[in-house]
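Me: I would be grateful for a close look at a single part of this protein, namely the place where two of the helices meet. Please then set that part in its wider surroundings.

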Amino acid sequence: MKSIVTSLILLAISATSFAQDAFSNNTSASLEKVIQDYPNRFKNIKGEVIVENPQTTEYKSTVQIPGASTCIVTRYNDTKNDVYSWGCTLMKTEDFNTARNKFREIYGQIRNSIIKIHGEKPFILNGQYDAPSEEKKFTTVIFELLPSVGEMKKVKIDLSLQYEMSGWKVSLSVYDRDRKDDEQGVVTGN
């Protein structure tokens with residue numbers, strides 16, 4: 001009887017620690033801060049100006065994904081309204097397998113994350129995994145917030161793995177679903 005009770009306690013402890021690992025990690029916590037500031041057009045996470053061009057202005061993001069090389073907020077100048085996006089380069093490598101593993105790791109860290117925004121019911125970050133292959137040169141998982149309601153149904157979160165001339169790049173972006181197709185998104189010189 002004593003061994004059964006001990007086994008049940010150990011099972012409960014491991015289940016609790018698994019649940020905490022699945023839903024509270026530094027990547028999802030940082031992403032939650034970004035998504036929380038989406039309604040403010042990332043005003044609260046926009047740092048110093050990095051680059052200013054006629055069509056865009058790039059700012060350093062004050063929210064960083066752990067281990068990322070760059071995280072920026074971009075403002076796209078428009079005559080009607082400015083459009084903002086947040087993007088993060090998580091890894092650059094010449095090795096496809098290393099990039100694929102990072103892509104899978106980040107997907108695992110953010111899928112089914114619970115996102116809490118002040119004044120709203122909690123959202124769940126949902127996206128269907130697409131296995132990358134070297135032949136495709138570009139793989140993306142598009143996440144949405146469930147339930148998709150109000151202003152938050154416009155938010156788009158994507159995790160991508162793409163081949164560039166210098167190798168493979170894994171990146172994470174948050175932006176308006178209404179962004180024009182010709183708006184490229186986050187581009188950095190790194």
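Reply:

**The crossing of H2 and H3**

Helix H2, residues 26–36, and helix H3, residues 96–110, have axes that come within 8 Å and cross at roughly 65°. Because an angle of 65 to 115 degrees counts as roughly perpendicular, H2 is described as roughly perpendicular to H3. The crossing in which H2 passes H3 is right-handed. These statements concern a predicted model, and every value given here is computed from it.

The two helices belong to a protein whose secondary structure comes to 3 helices and 9 strands. Read from the N terminus, the order of the elements is α-α-β-β-β-β-α-β-β-β-β-β. Of the 190 residues, 41% count as buried.

One residue of helix H3 deserves attention: Thr98 is found there. Its relative accessible area is 35%, so Thr98 is classed as partly exposed. The C-alpha atom of Thr98 is separated by 9.0 Å from that of Trp168, although the two residues are 70 apart along the chain.

Each of the two helices can also be followed into a neighbouring loop. Between H2 and strand E1 (46–52) there is a loop that holds Phe42. The phi angle of Phe42 is near 60°, a positive value in a residue other than glycine. Phe42 has a relative accessibility of 1% and therefore counts as buried, since the term applies under 20%.

The loop between H3 and strand E5 (114–115) contains Asn112. Asn112 likewise is not a glycine and has a positive phi, of about 60°. With a relative accessible area of 33%, Asn112 is partly exposed, whereas Phe42 is buried.

Further along the chain, a nonpolar patch lies on the surface. Ile114, Ile124 and Leu146 form this patch, and together they have about 220 Å² of accessible area. Ile124 is placed in strand E6, residues 123–126. Because its relative accessible area is 39%, Ile124 is partly exposed.

Leu146, another member of the patch, leads to one more backbone feature. The peptide bond from Leu146 to Pro147 is cis, with omega near 0°. Pro147 itself is placed in the loop between strand E7 (138–146) and strand E8 (155–164).

To return to the part requested, the axes of H2 and H3 come within 8 Å, and H2 passes H3 in a right-handed crossing. The loop that follows towards E1 holds the buried residue Phe42, and the loop towards E5 holds the partly exposed residue Asn112.

Note on methods: Residues are numbered from 1 along each chain as its sequence is written. This is a predicted model: local features need pLDDT of at least 70, side-chain atom pairs count only at pLDDT 80 or more; totals for chains, interfaces and linings use all residues. Side-chain values use heavy atoms; hydrogens and water are left out. Patches are made of residues with over 30% relative accessible area and no salt bridge: like charges are joined within 9 Å, nonpolar side chains (Val, Leu, Ile, Met, Phe, Trp, Tyr) within 5 Å. Accessible areas come from the Shrake-Rupley method with a 1.4 Å probe; for residues, only the protein chains shown count as cover. A salt bridge is a side-chain nitrogen of Lys or Arg within 4 Å of a carboxyl oxygen of Asp or Glu. Helices (H or I, at least four residues) and strands (E, at least two) are DSSP runs, numbered from the N terminus. Buried means under 20% relative accessible area, exposed over 50%, partly exposed in between (1.4 Å probe, protein chains only). Axes are lines fitted to C-alpha atoms, for helices over the stretch in contact, and angles run from 0 to 180 degrees between N-to-C directions. Angles under 35 degrees count as roughly parallel, over 145 as roughly antiparallel, 65 to 115 as roughly perpendicular and the rest as oblique. A crossing is left-handed if the near helix is turned anticlockwise from the far one by less than a right angle, and right-handed if clockwise.
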